[in-house]
Amino acid sequence: MAYSVDIDRKWQKKWEETRIYRFDKKNLEKKLYCLEMFSYPSGAKLHAGHWYNFGLTDSWARIKRMQGYNVFHPQGFDAFGLPAENYAIKTGIHPKDSTLKNIATMEEQLRQMGATFDWDYEVVTCLPEYYRWTQWIFLQLYKHGLAYRKNAPVNWCPSCKTVLANEQVVDGCCERCSSEVTRKNLTQWFFRITKYAQELLDCLPDLDWPEKTKKIQTNWIGRSEGAEIEFKVAGSDLSFRVFTTRADTLYGVTYVVLAPEHELVDKITTEDCRQAVEEYKKAVAKVSEIDRMSTVREKTGVFTGAYAVHPLTGEKVQIWIADYVLAGYGTGCVMAVPAHDERDYEFAQKYSLEIRRVIKGAEGVDDALPFVEDGFLTGSMEFDGLSSEEARAAIVKNLESVNAGEPKVTYRLRDWLVSRQRYWGTPIPIIYCDKCGTVPVPEDQLPVELPYNVVFTPDGESPLAKCEEFINTTCPDCGGPAKRDSDTLDTFVCSSWYFLRYPDNKNDREPFNRELINKMLPVDKYVGGAEHAAMHLLYARFFTKALRDMGCLDFDEPFLSLVHQGVILGADGQKMSKSRGNTVSPDEYIERYGSDVFRMYLAFGFNYVEGGPWSDEGIKAMDRFVARVERLVTNFAREKGTPGSDRFGPDEKELNYVRHYAIKCATEDTEVFQFNTAIARIMELINALYKYGALENRNMKLMEDALKDAILLISPFAPHFAEEMWQTLGYDYSIFNQSWPIHDEKALVRDEIEMAVQINGQVKFRINVPRDADDKQVEEAALADERAPGYIGGRSIVKVIVVKGRLINIVVK
RNA sequence: GCCGAAGUGGCGAAAUUGGCAGACGCACUUGACUCAAAAUCAAGCGGUAGCAAUACCGUGCCGGUUCGAGUCCGGCCUUCGGCACCA
């Protein structure tokens, strides 16, 4: 039977009946945890990107399985989230109903992929069995001081009617709906990820992750080393601290700037200036955070009338407020050194403030102001002549001795805002009691179930707030009337620990068993989109570390090795989208060619990490290749048993060489997700088999062995097809219980090697030399070649370089 | 603006530590089979010149190091990611 989608179904059924991909819980010594980022159950069908991610990672997992690993390869769904709720607002279909329906559809489609998923370990984040433990983790974080509430200005999307994390705001617009984001003050729950900033940074170098991703995380965390320096407010007991990375420029301070929101502003502002300050503060409050973040905007500010005392010189400098100083970074105050900072320079020029040089460039360096690079100190009393680097240490030391400063490290990373004014998410397990205050829901009362009967009106208030039977409850402490938190958790919270739940997904006493999880984790190979480089991956790392410190597990990092798949574009080279009409619907292709052809095309047509444009010609070519293999197999199966020779001449040697070369390369390339070259080598083996098959008096044993290896090599990429071919060749079920072939190094040694002969670095001709020829013999062979004199002419040989097994370069003059 | 990655035939892409550029495939051309077409099988296929042997050019651009550079160094250009008043 020619390969088609029917073959897919046949073997899917058989695999399911025989439970062939079931994970063996007893053999944890050789476990290998292979994981793709789980998906959101959207209403649409699986797209090419899902196949690219899941299908090819599955091929990788299959090889590992055949190499004897006990592969744990689970699947699940990131099932809470905005789209389902927005869909409900639009259509009236309840998020729970639509989500569960979508999950059923997607499960079905994922089964049709023919992957090695063990569905016994499925995890669905919107089910109480799961979110009960999300809530439990929230409570542990709360108990350990890692979850706290504060009033904070938040990014508000007027269209989604919800709060967005900074990272969900793209160009001042909502990541999801692209409407303009505004600012709003709300009391929100935060996770103290900043506590782990340094560790999150320190563990990065040892991870087998793409360098680019590590770089993104490094930037995101944004460590900055410097000093905190105290300035006293002249004529009062008040003081404030500034953070600076340029303590060497301290003598160049001519004024200081506070963020307009800084708490000290009201206290120090003089009567003369109060009106101007108040007006300025009002004006700043009106400017959206987005506009304020624009670098092209002209800097503005006002004088507070107050003066600060320079900690070393005792000089009085003006205190200003300006919007270019951010309340949320560092201490919310800066010392202004206009001579050596571009922003301060611009500001000082505008408001005619003094600009005082304290750094000069080295000999020959253009140090026109503002000079922002390191140099040598000048006008800085006893520090004159020191380099910037020496001066930073010396000045901070000096400050420390007078108790006016010390070395300090700050981070750009901010705490993670997790409250969402939304329905379709994990309820926050907190109760507010007038008498007892903020009370965590007792663990034995979890889960706090999400009520089904709610009204979806997009008015910015959580639907839960309007659900009386949910919101009104009794205080667990005093038994009096109390209210539940009406917000739900960011869905990134759900996805920050799902990989911990998979191995123990049915545990109803705890989120996961500590002993088991210590054996099953970390994840050995994690594969998913690069768009999660900053958020998801950082949050999951934070959760892992926090859970470790709370005694729930004993490892430091969740994902040892990470791969990002590229993006498959439409045939026009543009991102696939319905509006462009360039989407590729896997179902149609699978119906026509079978899922293995689809998967193999994805494997062969692209560099996995880069992705690229879809090509109908490309998948047709793959269809032809599969048919070509099938012809080879059926022809051979017909001839099987006919007597052949047992000779092992040059033809056999060549076939055996290609065979083992294919085994070696396919194994090594697949290991590092280079599926395209792995398949190229398999194609070469098939070509070699055709060539050999056309000969008279073949060595049938060798041919069968080579063909058998070829099918084994194809099997991870075309599992249904390979299973069918295996059967056609008369072997027992299942090919996936076979061992992965190992190449024979001896077969890769050729008797004669072709080497290129270069004259002055240019290839002129090629010679064949015996495999074991030494440099001298190679040189002699090259020079003895009849073509050599013509190229050398009358010139003399200056030097001869022999690169073993590759080329010989004759340098002549 | 800063940080990072990438630019290779008509196309998708390969290329160990600096060592034969273009593996494998698509498209195309030719031949075999066929009444014919498709499919299949076989062969060719970077550019220019030439009947040919061959010569010259060729990995975004300019320069450098080297016996030898797609690969290393310096300077540009373009594209794509990340960050962006971070003190």
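This report looks at the surface near RNA strand B and at one pair of packed helices in a predicted model.

## Ground rules

Residues count from 1 along each chain as written, while chains are lettered from A and ligands numbered from 1 in written order. Local features need pLDDT of at least 70, side-chain atom pairs count only at pLDDT 80 or more, totals for chains, interfaces and linings use all residues, and side-chain values use heavy atoms, leaving out hydrogens and water.

## Around the RNA

So who sits beside the RNA? RNA strand B is surrounded by 51 residues (a heavy atom within 4 Å of the strand), with Arg343, Arg412, Gly605, Arg766 and Arg806 the closest. Of the strand's atoms that come within 4 Å of the protein, 61% belong to sugar and phosphate.

By class, this surface has 20 nonpolar, 13 polar and 18 charged residues (Ala, Val, Leu, Ile, Met, Phe, Trp, Tyr, Cys and Pro are nonpolar; Asp, Glu, Lys and Arg charged; the others, Gly among them, polar). Helix H22 gives the largest share, seven residues. Helices here are DSSP runs of H or I with at least four residues, and strands are runs of E with at least two, numbered from the N terminus.

## Close-up on the RNA

Arginine 343 puts a polar side-chain atom 2.4 Å from a phosphate oxygen of RNA strand B. Glycine 605 uses a backbone N or O atom instead, 2.3 Å from a sugar or linking oxygen of the strand.

## Two packed helices

Helix H18 (residues 586-593) packs against helix H19 (residues 595-604) at about 120°, with axes 7 Å apart. Axes are lines fitted to C-alpha atoms over the stretch in contact, and angles run from 0 to 180 degrees between N-to-C directions.

Conventions. A polar contact is a pair of N or O atoms within 3.5 Å; within protein, one must be able to donate a hydrogen and the other to accept it, and residues adjacent in sequence count only if both atoms are side-chain atoms.
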